[in-house]
Amino acid sequence: VLPGMAAHQELENFVAAGLSPYEALLTGTANPAHFLEQAEEIGTIGVGKRAELLLLSANPLIDIRNSRQIVGVFTNGQWHAVDDIFTASMLLVHTK
């Protein structure tokens, strides 16, 4: 399992259990930030907050499975296209 992929299955499980896609997304973003008392820095998009974002090609609020439609990731001030991430992951798998 590639790191992060289990999160998509968790989102799908939350929706299957009765949460709306919006509520399921909150379980991995704003809610943990509030619990960890870090909501001023992480968990939502805002001025002065740390930016770690997924760019998706489809809306997960319409279908939570769209959370898997990743175009790229913005983290630590850098953009990473999904093809680059996949290539790097495959290199790690084949060098172990």
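This passage walks through the sheet, a surface patch and the salt bridges of a predicted model.

The sheet is a good place to start. It is open and built from 3 strands, lined up in the order β1-β2-β3, with antiparallel pairing. Strands β1 and β3 sit at the edges with a single partner strand each, so one side of each has no neighbour in the sheet. From one strand to the next, the twist averages 20°.

Looking at the strands one by one, β1 covers residues 53-56, β2 runs over residues 70-75, and β3 takes in 78-81. The antiparallel pairing of β2 with β3 rests on 4 bridges. G72 faces A81 of β3, while F74 has W79 in β3 as its bridge partner. The hairpin made by β2 and β3 leaves 2 residues between the strands, and here N76 adopts a positive phi near 50°.

W79 turns up again on the surface. Together with L55 and V71, W79 makes up a nonpolar patch, and the three share about 280 Å² of accessible area. L55 belongs to strand β1. With a relative accessible area of 43%, L55 is partly exposed; that value falls between the 20% and 50% cut-offs, which is why L55 is called neither buried nor exposed.

Next come the charged side chains. Side chains of opposite charge can pair when their charged atoms come close, and this structure holds 4 salt bridges. One of them joins R68 to E12, whose closest N and O atoms are 2.7 Å apart. This pair ties together distant parts of the chain: R68 lies in the loop between β1 and β2, E12 lies in helix α1 (residues 5-16), and 56 residues separate them. The two ends also differ in their cover. R68 is partly exposed, at a relative accessible area of 35%, whereas E12 has 17% and counts as buried, because buried means under 20%.

Another salt bridge brings the side chains of R50 and E52 together, at 3.4 Å from N to O. Both residues are partly exposed, R50 with a relative accessibility of 44% and E52 with 45%. There is a further member here, too: E41 is linked with R50 and E52 in a network of salt bridges.

Finally, D63 and R65 form a salt bridge in which the closest N and O atoms are 2.7 Å apart. D63 is partly exposed, with a relative accessible area of 24%.

Terms used. Residues are numbered from 1 along each chain as its sequence is written. This is a predicted model: local features need pLDDT of at least 70, side-chain atom pairs count only at pLDDT 80 or more; totals for chains, interfaces and linings use all residues. Side-chain values use heavy atoms; hydrogens and water are left out. Patches are made of residues with over 30% relative accessible area and no salt bridge: like charges are joined within 9 Å, nonpolar side chains (Val, Leu, Ile, Met, Phe, Trp, Tyr) within 5 Å. Accessible areas come from the Shrake-Rupley method with a 1.4 Å probe; for residues, only the protein chains shown count as cover. Buried means under 20% relative accessible area, exposed over 50%, partly exposed in between (1.4 Å probe, protein chains only). Two strands pair if DSSP finds at least two bridges between them. Axes are lines fitted to C-alpha atoms, for helices over the stretch in contact, and angles run from 0 to 180 degrees between N-to-C directions.
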